[in-house]
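Visitor: Please put the structure up. I would like to go through it by question and answer.

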Amino acid sequence: MRMDLSTVSLVHYDDRHFKRLSYDLEESQVRFTKTVHQNINDDGVQKIKNKFPITILYEREPVGFFVLDRTKDHLLVTGNPNSILLRGLSLNPAYQGRGIAKQALIILDHFVKGLSEDIDEIVLTVNIDNVNAYQLYRQMGYLDTGSYKNGRYGLQHMLFKRIDISIDA
């Protein structure tokens, strides 16, 4: 089935998205990321200054979720104070394998510049056992620092991508 990926967009999370984002991940994915329920209900990320829960929309329907983090946690991955940490990207399994996550990562650069013009780098960690996610990020231009950190779910690759655009571009 061919999909029109121009209908992929990123928006700030809204509580109206919660029900559609309450999907179950494949068992092989559960150990790598928090669920939307854990992020919203348990951690209350939408109430934490400098944490931005983001919904991935496909044809205006919520199909994925992640958190952009400008708390001091981003400095655990990089020394760059103008970076932002991408956390816990997940996509409803019914929409996986269709290029939606790739398109979301493509438009992410402009989205983060809209949050703050001074952001010039996106950083993230990915579990060394999460080969599919690692390959996706590398394919999308994220570079591996060659360093690792211990994470909640085990050893993590540390990746980064420079953003060299302005929001007018």
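Visitor: What distance does α3 reach from its first C-alpha to its last?

Guide: Keep in mind that this model is predicted. Helix α3 has 16 residues. At 1.5 Å a residue, the expected span is 22 Å. The helix comes close to that, and its reach from first C-alpha to last is 22 Å.

Visitor: At which residue does α3 bend?

Guide: Helix α3 covers residues 100-115. Its axis turns by about 40°. The bend is at Leu108.

Visitor: Which strands does α3 lie across, and at what angle does it run to β1?

Guide: The helix lies across β1, β2, β3, β4, β5 and β7. Many of its residues are buried, among them Ile100, Ala104, Leu105, Leu108 and Phe111. An α-helix has 3.6 residues a turn, so residues three or four places apart point the same way. Relative to β1, α3 runs at about 45°.

Visitor: What is the strand order of the sheet?

Guide: The sheet is open and has seven strands. Its pairing is mixed. From one strand to the next, the twist averages 30°. The order is β1-β2-β3-β4-β5-β7-β6.

Visitor: Which are the edge strands?

Guide: An edge strand pairs on one side only. That holds for residues 8-12 and for residues 143-151. The edges are β1 and β6.

Visitor: Do β2 and β3 run parallel or antiparallel, and how many bridges join them?

Guide: One bridge pairs Ile56 with Gly64 in β3. The two strands form a hairpin with two residues between them. They run antiparallel, and the bridges number eight.

Visitor: Which residues in the loop between β2 and β3 have a positive phi without being glycine?

Guide: Glu59 sits in that loop, with phi near 50°. Arg60 is also placed there, and its phi is about 65°. Neither is a glycine. The residues are Glu59 and Arg60.

Visitor: Is Arg60 buried or exposed?

Guide: Exposed means over 50% relative accessible area. Glu59, at 48%, therefore counts as partly exposed. Arg60 has 74% relative accessibility, so the label for Arg60 is exposed.

Visitor: Why does β3 count as largely enclosed by the rest of the structure?

Guide: Strand β3 pairs with β2 through eight antiparallel bridges. With β4 it pairs over five bridges, again antiparallel. Leu68 stands opposite Leu86 of β4. The strand counts as largely enclosed because the buried residues of β3 are eight of nine.

Visitor: How many bridges join β4 to β5?

Guide: Strand β4 spans residues 83-91, and β5 spans residues 121-127. The two run parallel. Ser83 has Glu121 as its bridge partner in β5. The number of bridges is three.

Visitor: What is the relative accessibility of Val123?

Guide: Val123 belongs to β5. Beyond its sequence neighbours, it touches residues including Ser83, Ile84, Leu85, Leu86, Leu159 and Phe160. Its C-alpha is 9.8 Å from that of Leu68, 55 residues away along the chain. Val123 counts as buried because its relative accessibility is 0%.

Visitor: With which side chain does the side chain of Lys161 make a polar contact?

Guide: Lys161 lies in β7. It is buried, because its relative accessibility is 14% and the cut-off is under 20%. Its contacts include Leu105, Asp109, Glu121 and Tyr142. The polar contact, at 3.2 Å, is with the side chain of Asp109.

Visitor: Which side chain makes a polar contact with the side chain of Asp144?

Guide: Asp144 is in strand β6, and at 22% relative accessible area it is partly exposed. Among the residues it touches are Tyr134, Arg138 and His157. A polar atom of its side chain lies 2.8 Å from the backbone nitrogen of Gly146. The side-chain partner, also at 2.8 Å, is Tyr134.

Visitor: What distance separates the C-alpha atoms of Asp144 and Lys161?

Guide: Asp144 is found in β6, and Lys161 in β7. Along the chain they are 17 residues apart. Their C-alpha separation is 9.1 Å.

Definitions and conventions: Residues are numbered from 1 along each chain as its sequence is written. This is a predicted model: local features need pLDDT of at least 70, side-chain atom pairs count only at pLDDT 80 or more; totals for chains, interfaces and linings use all residues. Side-chain values use heavy atoms; hydrogens and water are left out. Two strands pair if DSSP finds at least two bridges between them. Helices (H or I, at least four residues) and strands (E, at least two) are DSSP runs, numbered from the N terminus. Axes are lines fitted to C-alpha atoms, for helices over the stretch in contact, and angles run from 0 to 180 degrees between N-to-C directions. Contact means heavy atoms within 4.5 Å. Buried means under 20% relative accessible area, exposed over 50%, partly exposed in between (1.4 Å probe, protein chains only). A polar contact is a pair of N or O atoms within 3.5 Å; within protein, one must be able to donate a hydrogen and the other to accept it, and residues adjacent in sequence count only if both atoms are side-chain atoms. The expected span of a helix is 1.5 Å times one less than its number of residues. The bend at a residue is the angle between axes fitted to the seven residues ending there and the seven starting there.
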